[in-house]
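These are my notebook entries on a structure I went through by topic. I begin with a single residue and then widen the view.

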Number of protein chains: 2
Amino acid sequence: MPPVEVAERIGRANTSLTPAERRVAEVVLERPQLVAFGTVADLAEAASSGAATVVRLAGKLGYDGFTGLQASVQHSLASQLRPAAERIREPAATDAIGRHLQFELDNVSTTLRALEAVALADVVAHLAAPKCRVHVLSGDASNGVARQMVGDLLALRDDVHLLDGNDVAVRRKVSQLRSSDVLVTIDLRRYDRWVIETARSARAGGVWCVAITDSLLSPLAALADRTLTVAAASGGPFDSHVGTLALSNVLVAGVADRLRLQATDRLDRAESAWQSTSSLMDR
Amino acid sequence: MPPVEVAERIGRANTSLTPAERRVAEVVLERPQLVAFGTVADLAEAASSGAATVVRLAGKLGYDGFTGLQASVQHSLASQLRPAAERIREPAATDAIGRHLQFELDNVSTTLRALEAVALADVVAHLAAPKCRVHVLSGDASNGVARQMVGDLLALRDDVHLLDGNDVAVRRKVSQLRSSDVLVTIDLRRYDRWVIETARSARAGGVWCVAITDSLLSPLAALADRTLTVAAASGGPFDSHVGTLALSNVLVAGVADRLRLQATDRLDRAESAWQSTSSLMDR
DNA sequence: TCTCGACTGGAAGATTCGTTCCAACTATAG
DNA sequence: CTATAGTTGGAACGAATCTTCCAGTCGAGA
């Protein structure tokens with residue numbers, strides 16, 4: 001939602017900006033109103049820089065001083081104002097992007113609204129249980145989201161595993177499950193047979209199962225101890241897993257909240273490891 | 001569309017306005033941007049009145065001079081500028097789920113609104129190019145989303161690869177890139193150094209690069225041919241990649257649209273393979 | 001360690017802007 | 001026709017803002 005004109009120029013000047021100028025540029029992108037309505041001093045304060053730096057940035061971007069930059073932002077904002085009011089009356093989304101936007105907003109909204117607090121708390125409690133092992137099982141279509149969940153949970157606790165690989169490997173892993181383990185199964189309509197069967201055999205072994213699926217009528221829901229439903233409507237050829245990922249984020253945040261002490265310790269250790277190898281960069 | 005605050009006051013003072021003041025008030029209602037962005041002189045000229053009349057009107061409306069009137073209009077305009085339409089419906093943001101809901105809705109909304117049609121078309125064209133190979137490179141935190149994208153694209157076309165594994169493997173793969181290839185790099189702030197360096201060396205080899213990142217000021221944006229920005233605000237400990245996934249879905253849908261014939265053929269073959277092994281179930 | 005260059009923010013100067021004052025103008029009542 | 005109250009816009013004043021200049025600071029390289 002930042003103005004296109006200035007965003008374009010900032011992107012072009014990206015490499016030639018000094019640190020202080022970069023701070024100002026970030027504020028310009030993130031808070032355009034401050035540029036449109038505010039003054040040089042306001043921007044400078046928000047960016048923790050001097051007024052001169054603000055003016056220099058404007059010049060570097062090709063504008064005629066801060067006045068030129070401000071005029072550009074005002075123009076962009078004004079053009080965003082009219083259509084905004086008119087689009088509200090007209091919910092019809094003609095363009096492809098707008099159609100996707102509606103689908104995805106609806107997926108997120110439907111998925112999270114359907115999530116009940118008690119169900120969430122129950123699942124989180126199991127995922128945060130200290131001595132259990134967590135296994136994530138996913139249909140092929142949602143494999144990436146499942147990996148995302150595993151990765152996030154691994155940053156918070158040990159013993160989180162994705163059940164994948166070939167059929168033999170999965171069967172071997174499932175045979176090793178303990179009754180104290182937790183299984184998260186993610187699969188939507190057009191269910192993968194092997195996923196269902198794997199989940200069923202795990203359940204038969206006494207593993208506590210939570211299903212993340214598209215309907216309470218799903219075969220997954222039939223064998224799970226808890227079922228969380230997701231919306232996956234899409235404007236494209238495949239199901240959208242945006243709602244699923246949003247749900248995963250809520251679960252992960254819940255686990256992080258429960259494991260605050262251990263998790264922060266874990267994160268700190270990871271952080272210091274990154275620091276020592278300087279494998280992360282801020283800019 | 002006119003700001004409620006001033007409209008209210010103008011309506012209240014309706015009868016006590018002089019002719020010239022009335023002309024100014026009309027302009028204020030019909031062209032609020034002129035008040036928000038302009039000066040006393042601008043308003044006076046638009047209303048064919050003197051500057052003093054403008055100031056007098058502001059005082060009559062109960063504002064502290066023109067400055068007060070302008071501040072009021074700016075405030076109203078700024079509130080109309082945000083995607084407040086979705087937030088207002090939400091009753092409150094007290095519970096954890098509601099907070100996540102707001103974050104994720106905003107991520108999706110901001111990300112897809114920032115997507116320009118021409119940029120989308122350009123990226124889709126490259127991703128759908130017949131003879132090129134597509135490589136996806138991702139930071140650790142967005143690994144799952146990257147895999148999701150690779151999986152979806154693989155359902156539509158050949159030669160889509162995720163650049164991962166150990167450092168040596170990645171370097172080997174990068175060294176094999178051709179100038180006709182396409183590289184999709186996904187990484188957000190706290191950029192993984194190896195991702196940036198890998199992308200840079202690929203770019204040096206003439207590979208067409210698209211960056212999916214959180215800001216135009218990202219180091220990725222500096223070296224990419226195209227940059228798509230995503231919003232990743234989160235109520236949890238980690239960045240949310242919901243917006244990124246939504247963007248990926250739009251890209252995938254675009255590619256599917258371009259490759260309709262080949263893609264449907266591909267999907268049909270996959271479908272029949274599933275059918276023959278009955279590896280998918282409807283219920 | 002020293003030098004040179006780039007970067008940065010404070011301060012002065014120039015400009016614009018908001019406010020106020022007041023003379024000119026208009027309309028209405030006597 | 002005249003006088004008075006109300007209205008209006010130009011002009012001056014003071015405040016705020018933008019711009020420019022410059023000395024201090026930091027870091028890289030010799």
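I looked up W194(A) and found this residue in helix 11 of chain A, which spans residues 193-204. The model is predicted, and I read every value below with that in mind. At 30% relative accessibility, W194(A) counts as partly exposed. Leaving aside neighbours within four places in sequence, I noted that W194(A) is in contact with L137(A), S138(A), L163(A) and V170(A). I also checked W194(A) against V35(A), 159 residues apart along the chain, and their C-alpha atoms are separated by 56 Å.

Next I turned to Q74(A), which sits in helix 6 (residues 65-89) of chain A. With 14% relative accessibility this glutamine counts as buried. Once residues up to four places away in sequence are set aside, Q74(A) touches A36(A) in its own chain and F37(B) in the other.

That contact led me to the interface. How many residues of chain A are in contact with chain B? I found 72 residues of chain A in contact with 72 residues of chain B. The two chains bury about 6,300 Å² between them, and 68% of that area lies on carbon and sulfur atoms. I then counted 15 residue pairs in polar contact between chain A and chain B, both residues being at pLDDT 80 or more. On the side of chain A that touches chain B, the largest share, nine residues, comes from helix 7 (residues 96-113) of chain A. I sorted the residues of this side of chain A by type and obtained 40 nonpolar, 17 polar and 15 charged. Across the interface of the two chains the rule finds two salt bridges. One that I wrote down joins E271(B) to R190(A), with the closest N and O atoms 2.8 Å apart.

I then searched the whole structure for salt bridges and found 26 over all chains. Among them is the pair of D181(A) and R133(A), whose closest N and O atoms are 3.0 Å apart. This pair links distant parts of the chain, 48 residues apart: D181(A) is in the loop between helix 10 (167-175) and strand 3 (182-186), and R133(A) is in the loop between helix 8 (117-127) and strand 1 (134-138), both of chain A. Both partners count as buried, D181(A) with a relative accessible area of 1% and R133(A) at 15% relative accessibility.

I compared this with two further pairs. The side chains of D257(A) and R260(A) meet in a salt bridge at 2.2 Å, N to O; here D257(A) is partly exposed at 47% relative accessibility, and R260(A) is partly exposed at 48%. In chain B, E5(B) forms a salt bridge with R9(B), with the closest N and O atoms 2.9 Å apart. These two residues are separated by about one helical turn because they lie four residues apart in helix 1 (residues 4-13) of chain B. E5(B) is partly exposed at 34%, as is R9(B) at 26%.

Last, I searched for disulfides over all chains and found zero. Why is C132(A) not bonded to C209(A)? The closest cysteine sulfur to that of C132(A) is in C209(A), and at 12 Å it is too far for a bond. I checked the pair from the other side too, and C132(A) holds the closest cysteine sulfur to that of C209(A). Both cysteines are buried, C132(A) at 5% relative accessibility and C209(A) at 1%.

Terms used
Residues are numbered from 1 along each chain as its sequence is written. Chains are lettered from A and ligands numbered from 1 in the order in which they are written. This is a predicted model: local features need pLDDT of at least 70, side-chain atom pairs count only at pLDDT 80 or more; totals for chains, interfaces and linings use all residues. Side-chain values use heavy atoms; hydrogens and water are left out. A disulfide is a pair of cysteine sulfur atoms within 2.5 Å. Buried means under 20% relative accessible area, exposed over 50%, partly exposed in between (1.4 Å probe, protein chains only). Contact means heavy atoms within 4.5 Å. Buried area is the accessible area (1.4 Å probe) that two parts lose on being put together, summed over both. A salt bridge is a side-chain nitrogen of Lys or Arg within 4 Å of a carboxyl oxygen of Asp or Glu. A polar contact is a pair of N or O atoms within 3.5 Å; within protein, one must be able to donate a hydrogen and the other to accept it, and residues adjacent in sequence count only if both atoms are side-chain atoms. Ala, Val, Leu, Ile, Met, Phe, Trp, Tyr, Cys and Pro count as nonpolar, Asp, Glu, Lys and Arg as charged, and the others, Gly among them, as polar.
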